[in-house]
Each structure stands twice: as structure tokens, then as C-alpha cells.
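Here are some comments on the model, set out as numbered points for a colleague who has the coordinates open. They deal with aromatic pairs, one helix packing and one loop residue.

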Amino acid sequence: MTKNVDEQPILVLGGTGKTGRRVVDRLTKLDRPVRVGSRSGEPPFDWTDQHTWAPVLDGVSSVYLVYYPDLVAPDALATIRSFTEQAVSGGIERLVLLSGRGEEEAKLSERVIQDSGVAWTIVRASWFSQNFSEDFLTDSIRGGEVILPAGNVPEPFVDADDIADIVVAALTDDGHAGQLYEVTGPRLLTFAEATSEIGNALGREIRYRSVSPEEYAAVLAGYDVPAELVAVLTELFGKVLDGRNAQLTDGVQRALGRGPRDFTDYARDAAAAGAWDASPGGDRA
């Protein structure tokens, strides 16, 4: 009997994180069966425990791959390769990978997906706007000062909702197979300018202070950020904030037929929703 792909679950790894939970919500509204891949999921999934992979892959048709903490992590490539091989051997028909813009290590994992033998889509993203409201920077905004090892290098912040829209399209529409979408927002902003826009949305001053990578690592540790994430973030800032990403791309337009969401709209809506008013929930992935 021919299997109906539309009736098979779609596995969303990092399904409680910034892009993952948005993908889950959108697929659910489309009445597509979804399996959330996370340590708290049922069945649970853990990148560091291969025994958890087979249960979440059982019977699924497509996978959204989000690797935690990031594809630049030392063990990312080997893990992505092992997971992809297991997924394909189990009958997966489609893979969508969230990748990082300007990360040479991430391109190696992209190649694994592209060489997998099944339909694939790569979403190569710049810095998420939601890193300011759904991650450790949230506390910095509440405290009135954002501290980062980033000077005046501009970044084309991309909205997680745009990423989720692209991922869902890629998971449900054959027209995105074989596409690499490099996605950015519609304009370049320095971190100081982005912080100022959030302050404008909140109606109060939010200061920005640039520090060395060493000082930044100490700041993260003070916010109880896990050591593995501190190492990854410090490395990322040192590599990708050197101007290599200071250009806009048309990835959102190509994928969705519309322009990307602007940072001002993100800041306004996040402030109105109380993103910086109370302690947030959810994961970082």
C-alpha cells in the first residue's frame, strides 16, 4: 500500500525553541501531524543520546533539523552525519536544516544534508531578532543595558517568524526541494541601533556597551548560561561579527514571495506582548 505522506508525522527537532515552536504551531494549524523533538517531548529526544533517535524517527516523513547549541560546536558535524544516515535509512523523505550565516563549520553540515539522497532545503539564517526577547539577552533588556562583544559592525537581523514560514513551506511543499535560502531582515542595524529601537518601543532608554570576548564570557556566566553555550556564543561573536554578514539577501523574498519583517515591527510587537515585562519560558534552540 502506498503511504500517504500527509498523514505521517513531521518531526520538529528543537520543537520548543524559537523557530521550532513556531513551526509546530503552524503545522498544527494546517492539521499536519507533528512530533516535537526535545528532551521534554514524548518520546524524548536528546542529540547526545543516540538511543533516543530511533523512537522519534519512527514513522515520520520529514524532519526539521535544529542542532543545539549550534552547528559550530565541535561535535556537530559528526552528530548531524550520524543522525542523517539513520533518518534516511529509516525512510525519511525530506530534510530541512536550520544553518548559520557566515559559519564555515555549518556549511559542512549543510553538505551532509545536500548529499543525503532525499529532498532537502537549507535555511541559512543571520542573527534572530528574537535573541533579544526569547533568550539570555532578555534579562539585559530588563536591566537597561545590553553588553555584547560587538562593535559597530551591522547585522541584518532576521525574524524567527519569517524563518518558521519558510521552514513550514519547505516541509509541506515540494517546490522548495533543493533550495538554499540565505535569509536576512530588510536592513542593516548595529547592535547599538537595535538596542535603541527596543528602547524606543519600550519608551525608556536601553544602553549598549561593547566589551571584549573575555568580558562577555564572564557576563554570560553571571546569567547562569550553560558553559557549552558560553563557549559557542563567544566563538560565534568572534567569527561572524567581522563584517562578513553585513549584506542583505533575498532569501525570504525567494522563498515566500514577500519581503522580510522589519526589526522595528518586531520590537514594537514584542514590547506590546510583554516580552520584557516578566521572566520568559521556553528553550533557546
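1. In this predicted model, Trp47 has a relative accessible area of 11% and is therefore buried, since the cut-off for that class is under 20%. Trp53, at 1% relative accessibility, counts as buried as well.

2. These two residues also belong together as rings, because Trp47 and Trp53 form an aromatic pair whose centres are 6.2 Å apart, within the 6.5 Å limit for pairing. The angle between their planes is 75°, and the pair is edge-to-face. The count for the model comes to 16 aromatic pairs.

3. A further edge-to-face pair is that of Tyr266 and Trp276, with 6.3 Å from centre to centre and 80° between the planes. Tyr266 lies in helix H11, whereas Trp276 lies in the segment after H11, so the pair ties together parts that are 10 residues apart in sequence. Both partners are buried, Tyr266 with a relative accessible area of 3% and Trp276 with one of 4%.

4. Tyr266 and Trp276 should also be viewed in their wider aromatic setting, for they form one aromatic cluster with Trp127, Phe132, Phe157, Phe191 and Phe263. One of these cluster members, Phe263, takes part in the contact of H11 with helix H7, which is the topic of the next point.

5. How do helices H7 and H11 pack, in terms of angle and axes? Helix H7 covers residues 191–202 and helix H11 residues 263–272, and they pack at an angle of about 40° with their axes 9 Å apart. That angle is neither under 35 degrees nor within the range of 65 to 115 degrees, so the two helices are classed as oblique to each other. The crossing of H7 and H11 is right-handed.

6. On the side of H7, the residues in this contact are Ala194, Glu197, Ile198, Ala201 and Leu202, and they meet Phe263, Thr264, Ala267, Arg268 and Ala271 in H11. Sorted by class, the contact of H7 with H11 has seven nonpolar residues, one polar residue and two charged residues.

7. Away from the helix pair, Asn131 may be worth a look: this residue lies in the loop between strand S5 (119–125) and helix H5 (137–143). Is Asn131 buried or exposed? With a relative accessible area of 14%, Asn131 is buried, as this value falls under the 20% cut-off. When residues up to four places away in sequence are not counted, Asn131 touches Lys18 and Leu137.

Terms used. Residues numbered from 1 in each chain as written. Predicted model: local features only at pLDDT ≥ 70, side-chain atom pairs only at ≥ 80, totals over all residues. Heavy atoms only, no water. Axes fitted to C-alpha atoms, helices over the stretch in contact; angles between N-to-C directions. Helix = DSSP H or I, 4+ residues; strand = E, 2+ residues; numbered from the N terminus. Parallel < 35°, antiparallel > 145°, perpendicular 65-115°, else oblique. Left-handed = near helix turned anticlockwise from the far one by under 90°. Contact = heavy atoms within 4.5 Å. Nonpolar A, V, L, I, M, F, W, Y, C, P; charged D, E, K, R; others polar. Phe/Tyr/Trp six-rings, centres within 6.5 Å; stacked < 30°, edge-to-face > 60°. Buried < 20%, exposed > 50% of the residue type's maximum accessible area, 1.4 Å probe, protein only.
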